[in-house]
Structures are given as C-alpha cells and as structure tokens.
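Reader: I am new to this structure. Please take me through one part of it closely, the nonpolar core, and then place that part in the whole.

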Amino acid sequence: DQKPPTLYDALFLNPQEGIAVGAFGLMLRTADAGKSWQRVDNPLTALGFHINALRRLGDGSLMLVGEQGLVGYSRDAGQTWLYAASPYAGSFYGVLPLGAKGAVLFGQRGRVYVVDDLTRLRPGDPDALDPLNSVGLDDAQAAAMGFRRVTPVSTDTLFTGIALAQGGYLLAGAEGALLRLDAQAAALQLVSRESTSTFTALLQDGERVLAASGSGIRVL
C-alpha cells in the first residue's frame with residue numbers, strides 16, 4: 001500500500017464487532033474481536049480524507065469526522081454511511097454524543113458545532129467541496145444544514161474531549177487550552193491555557209480528569 005496505514009480511532013460495537021478509522025479514508029472492520037480486519041470501501045472512504053474520530057451516539061447511530069470538514073453518519077451499525085453537508089471546511093478532530101440524536105463536533109481553530117438532531121442533516125455533495133473555504137458558513141447557513149455553531153472563546157485547535165459524568169463537556173487541545181462546554185452545548189468557557197503542552201486525550205476518573213500531553217499525564 002502506497003499510503004501509510006495510520007489509524008486515528010477505533011470503536012467496538014460489541015465484544016466481537018469493531019471499526020477502526022484513519023488516514024486517507026482508511027476504514028477497517030473486524031467481526032472476530034480483532035483477530036482479523038478487513039478494509040471497508042464506501043462513499044466516505046472514497047473521498048480520501050483523514051478520518052480523525054468515530055463515536056456512537058445516544059440512539060446507537062455512528063458518526064465520524066475528519067479532514068476538510070468531513071462529517072459522516074450511519075444508522076445501521078456502520079454497514080452503510082451517509083455524507084453530510086458541512087458548515088466548515090477545516091478539520092474536525094473529535095465528536096461526542098449529545099442527547100438521543102445529537103452530537104458535539106470540535107476541531108481546528110477552536111471551532112465547535114452542535115448537531116441537535118442527526119435526522120435534520122442535509123446530504124452533502126463531495127463534488128461541491130471547496131478546500132479554500134476554511135472560514136466556514138454563517139450561522140444561518142449552518143443552521144439550514146442542521147448545525148448550530150457555539151461562539152468560540154479561543155482559536156486554539158481542539159483535539160480531544162469528554163462528556164463529564166456531572167453534565168457538560170470538557171474540551172482540550174493546542175497550547176494547553178482547556179474549555180468547558182455546558183450541558184446544553186450552548187456556551188463555552190475557557191478554564192485554563194498553558195502554552196507549554198498540547199492535550200491529546202482526556203479521561204474522567206471520579207472527581208479527577210487525567211489529561212495526556214507531550215509532557216506526560218496530568219491530573220486536573
């Protein structure tokens with residue numbers, strides 16, 4: 001394979017079935033608990049964009065996000081995928097479930113978008129993609145596509161996030177930026193920012209949050 005098989009995320013639907021995603025539209029699937037993996041080809045992988053994150057939503061649907069504003073979803077456990085029109089041409093690096101049919105998407109330059117209802121997303125047209133349109137659409141145009149933009153409080157790229165047990169979300173990324181998103185996914189608050197590290201993963205452990213970065217593991 002001329003393209004390096006780099007993987008960025010993985011999700012197991014049950015102890016036997018799992019999906020892994022990665023660079024240049026790479027998608028792999030296992031039905032035997034990871035003993036063997038098969039490459040998956042579909043309209044989303046054919047785009048060749050990096051797939052950065054994959055999550056299961058509240059109603060069991062799957063959503064993936066990635067390069068050039070890639071947003072895709074599946075209502076049948078990943079057997080078929082639909083490409084959604086995106087309000088942003090920059091990269092999304094994470095997606096988290098919101099309620100029964102919603103999701104929180106985040107990524108480049110601190111952009112955060114909310115999908116309140118997956119069924120309201122507008123189908124996308126890959127041929128209409130404009131990679132130079134990185135500024136994104138205005139709020140009215142985004143809303144017509146089924147997306148709600150959250151007013152940013154930082155331009156630091158967000159790489160990781162978690163849904164907190166007590167409600168709301170914690171998002172983190174470049175320059176040590178740590179942001180809190182309320183339970184309604186309506187408002188962001190900058191918790192802290194340290195330029196000495198970039199957060200790449202978060203994990204809640206009771207009242208603590210463990211944050212991984214280039215300088216090691218920190219307890220928040």
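Author: In this predicted model, the largest nonpolar core has 20 residues. Five of them have the most contacts inside it: Met-63, Val-71, Leu-105, Leu-121 and Phe-147. Several elements each give two or more residues to this core. Strands E6 (62-66) and E7 (71-74) are among them. So are strands E9 (92-98), E10 (102-107) and E11 (112-115). Helix H1 (139-145) belongs to that list too.

Take Met-63 for the close look. Leave aside residues up to four places away in sequence. Met-63 then touches Ala-53, Leu-54, Arg-55 and Leu-57 on the lower-numbered side. With higher numbers come Val-71, Gly-72 and Tyr-73, then Val-95, Ala-103 and Leu-105, and finally Leu-118 and Leu-121. Val-71, Leu-105 and Leu-121 also appear with Met-63 among the core residues with the most contacts.

Now the whole protein. Its secondary structure comes to 1 helix and 19 strands. The radius of gyration is 17 Å, close to the 17 Å that the globule rule gives for 220 residues, so the protein is as compact as a globular protein of that length. Its C-alpha atoms fill a box of roughly 40 × 40 × 35 Å along the principal axes. Buried residues make up 47% of the 220. Among contacts with a separation of 6 or more, 44% join residues 24 or more positions apart.

Last, the surface and the charges. The accessible surface is about 10,500 Å², and carbon and sulfur atoms hold 51% of it. There are 18 positive and 21 negative side chains. The centres of these two sets lie 3 Å apart.

Note on methods: Residues are numbered from 1 along each chain as its sequence is written. This is a predicted model: local features need pLDDT of at least 70, side-chain atom pairs count only at pLDDT 80 or more; totals for chains, interfaces and linings use all residues. Side-chain values use heavy atoms; hydrogens and water are left out. A nonpolar core is a set of buried Ala, Val, Leu, Ile, Met, Phe, Trp, Tyr and Cys residues joined through side-chain atoms within 4.5 Å. Buried means under 20% relative accessible area, exposed over 50%, partly exposed in between (1.4 Å probe, protein chains only). Helices (H or I, at least four residues) and strands (E, at least two) are DSSP runs, numbered from the N terminus. Contact means heavy atoms within 4.5 Å. The radius of gyration is taken over C-alpha atoms; the globule rule is 2.2 Å times the number of residues to the power 0.38. Accessible areas come from the Shrake-Rupley method with a 1.4 Å probe; for residues, only the protein chains shown count as cover. Lys and Arg count as positive and Asp and Glu as negative; His and the chain ends are not counted. The place of a charge is taken as NZ of Lys, CZ of Arg, CG of Asp or CD of Glu.
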